[in-house]
Every structure is written in C-alpha cells, then in structure tokens.
Amino acid sequence: MKKIIFVLFAVFPLLMFSQNKKNTDSSKNNSKEIKEIKKFQADLNKEYLDKKETPLRGDNYTNFKQHPFFPIDLKYRVTAKFVKNEKPEPFDLPTSSGKSKPYQEYGKATFSLDGKSYTLTVYQSLDLMKMEKYKDHLFLPFRDETNQKETYGGGKYMDLKIPEGNTIVLDFNQSYQPFCAYNAYDYNCPIVPEENKLPVEIRAGVMYNDIYHH
C-alpha cells in the first residue's frame with residue numbers, strides 16, 4: 001500500500017508538469033496567432049492612413065481614424081483540408097465595373113465551423129502570378145450572413161499563400177473588405193463567385209462603417 005502511495009505521489013507531479021507544459025505551449029501558440037492578427041489590423045489601418053495607398057478620398061479620408069474590427073476570435077482561424085486543382089482552366093472573373101480579370105481555380109479548402117463542414121474555392125490571379133512578389137499569392141473572396149449588416153454587402157477578401165501540403169490555414173480574423181467598398185469610382189474589384197457564399201455568419205475581420213464608404 002505504501003509503495004502504491006509513493007508511486008502516485010511520484011507520478012502526480014509529472015502529470016501536472018505535462019499538463020502545465022501543454023497549457024503553456026497552447027498559450028504561446030495563441031499568443032503568436034493573436035499577435036499576427038493584431039499586426040494585420042495595424043498594417044491595414046496604416047495603409048488606409050497613407051495618402052499614397054489609401055482608397056479613401058475627400059472627407060472619407062479626413063474622417064478615417066481606424067477600421068472597426070470584430071473582436072479577435074480564434075474560432076475563426078481554421079485549418080482546412082486543401083485539394084489542389086491539378087488542371088486549372090483560366091477564366092474571366094467578373095468585377096464591380098462590369099469588366100473582368102483573368103484568374104484560375106487553384107484549389108478547394110474544406111473546413112469545419114461549429115460542427116458543420118464548408119468548402120471555399122481558392123483562386124490565383126493570372127496577372128499577379130507573373131510577378132515575382134506575388135507568384136505564391138492566392139485569393140479567397142467570400143460572402144457570409146454578416147454581409148449588408150455588419151460587413152460590406154459585396155463580401156470580403158482574404159490573402160493566402162500557396163500551401164506546402166494538403167492543409168491550409170484560413171484566418172477569417174484577417175479578412176478585409178475590397179477597395180470598392182470604400183471607393184466605387186476609382187477601383188475595380190472581383191465579384192465573389194456564387195460557390196463562395198457561406199450560409200453562416202463569419203463574425204471576424206473588418207466590419208462595415210458607413211461613414212467611410214460611398
């Protein structure tokens with residue numbers, strides 16, 4: 001009996017140490033992810049305050065202080081199963097101006113949110129892929145049930161990079177609204193394809209603030 005008690009006392013600290021290490025590792029990972037999201041928010045605000053980069057004009061620029069964001073929620077940072085399209089066909093993606101831009105379907109990302117599965121198509125710009133800076137850039141336009149309420153009616157965008165394996169991280173906390181949401185006169189933005197309309201609220205990323213929009 002004494003031996004059993006001794007063993008339990010010996011093992012218990014090890015279990016506690018193991019659990020604490022797991023909690024610490026998880027906390028570090030969460031901290032890293034949150035820092036990435038906060039950097040995205042800061043960079044986006046900086047871009048819109050820069051006269052050379054901002055899409056804002058006139059009073060919209062003068063009145064702009066910072067973007068309204070949904071509260072950071074790591075529930076909306078998901079690891080999706082990614083299936084690459086091995087034989088992509090170029091196509092013209094319609095834009096807000098009535099024109100089109102050349103893209104190809106790079107692959108499909110399937111993820112779970114609140115126990116339900118969703119699939120989004122990820123695209124690659126044929127123009128950008130010719131540029132060294134953007135050769136690994138992927139484009140994810142989507143719509144969800146927050147559009148026309150808390151977010152822009154035309155949907156939101158997310159920038160991604162070509163994944164190395166068969167998974168890809170989708171962090172909706174880093175989703176943003178197209179320039180056309182703020183200035184429909186000077187910008188020509190891709191329209192979200194029907195297949196990328198999600199029947200669920202994605203309460204993450206940039207929110208809609210009408211005072212900065214046309």
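A search of the whole structure, which is a predicted model, finds 12 aromatic pairs. One of them joins Phe82 and Tyr106. Their rings are stacked, with 6.1 Å from centre to centre and 25 degrees between the planes. This pair links distant parts of the chain. Phe82 sits in strand S1 and Tyr106 in strand S3, 24 residues apart. Both Phe82 and Tyr106 are buried.

Ring pairs also build a cluster. Its members are Tyr48, Phe64, Phe179, Tyr182 and Tyr187.

**Nonpolar cores**

In soluble globular proteins, nonpolar side chains tend to be buried together. Here the largest nonpolar core holds 23 residues. Phe111, Leu160, Leu170, Phe172, Leu198 and Ile202 touch the most other members. Several strands feed this core with at least two residues each: S1 (77-84), S3 (100-113), S4 (116-125), S5 (137-142), S6 (156-161) and S7 (167-171). Strand S3 gives the most, with four residues.

What does Ile202 contact, leaving aside its neighbours within four places in sequence? The list is Phe70, Tyr76, Leu113, Phe142, Asp144, Thr146 and Phe172.

There is also a second, separate core of 17 residues. Phe69, Leu93, Tyr182 and Val206 are among its members. Tyr182 also belongs to the ring cluster described above.

**The largest pocket**

The largest pocket has a volume of about 1,300 Å³. Its lining counts 34 residues. His137, Met158, Asp159, Leu160 and Tyr176 lie nearest the centre. Leu160 also appears among the core residues that touch the most other members.

Which elements supply the lining with at least two residues each? They include helix H1 (2-49), along with strands S3, S5, S6 and S7. Helix H1 gives the most, with seven residues. By type, the lining divides into 18 nonpolar, four polar and 12 charged residues.

**Two residues with positive phi**

Most residues other than glycine have a negative phi. Asp114 and Gln148 depart from that pattern, as the table shows.

| Residue | Phi | Location | Relative accessible area |
|---|---|---|---|
| Asp114 | near 55 degrees | loop between S3 and S4 | 60% |
| Gln148 | about 70 degrees | loop between S5 and S6 | 66% |

Are these residues buried or exposed? Asp114 is exposed, because its relative accessible area of 60% is over the 50% cut-off. Gln148 counts as exposed too, because its value of 66% is over that 50% cut-off.

**Thr119 on strand S4**

Thr119 lies in strand S4. Its relative accessibility is 36%, so Thr119 counts as partly exposed. In sequence, Thr119 and Phe82 are 37 residues apart. In space, the C-alpha atoms of Thr119 and Phe82 are 9.6 Å apart. Which residues does Thr119 contact, leaving aside its neighbours within four places in sequence? Lys108, Ala109, Thr110 and Glu195 are in contact with Thr119.

Notes:
Residues numbered from 1 in each chain as written. Predicted model: local features only at pLDDT ≥ 70, side-chain atom pairs only at ≥ 80, totals over all residues. Heavy atoms only, no water. Core = buried A, V, L, I, M, F, W, Y, C linked by side-chain atoms within 4.5 Å. Buried < 20%, exposed > 50% of the residue type's maximum accessible area, 1.4 Å probe, protein only. Contact = heavy atoms within 4.5 Å. Phe/Tyr/Trp six-rings, centres within 6.5 Å; stacked < 30°, edge-to-face > 60°. 1 Å grid on protein atoms, 1.4 Å probe; cavity = no way out; pocket = protein on both sides within 12 Å on 5 of 7 lines; lining within 4 Å. Points joined across faces, edges and corners; volume = space filled by probe spheres on them. Nonpolar A, V, L, I, M, F, W, Y, C, P; charged D, E, K, R; others polar.
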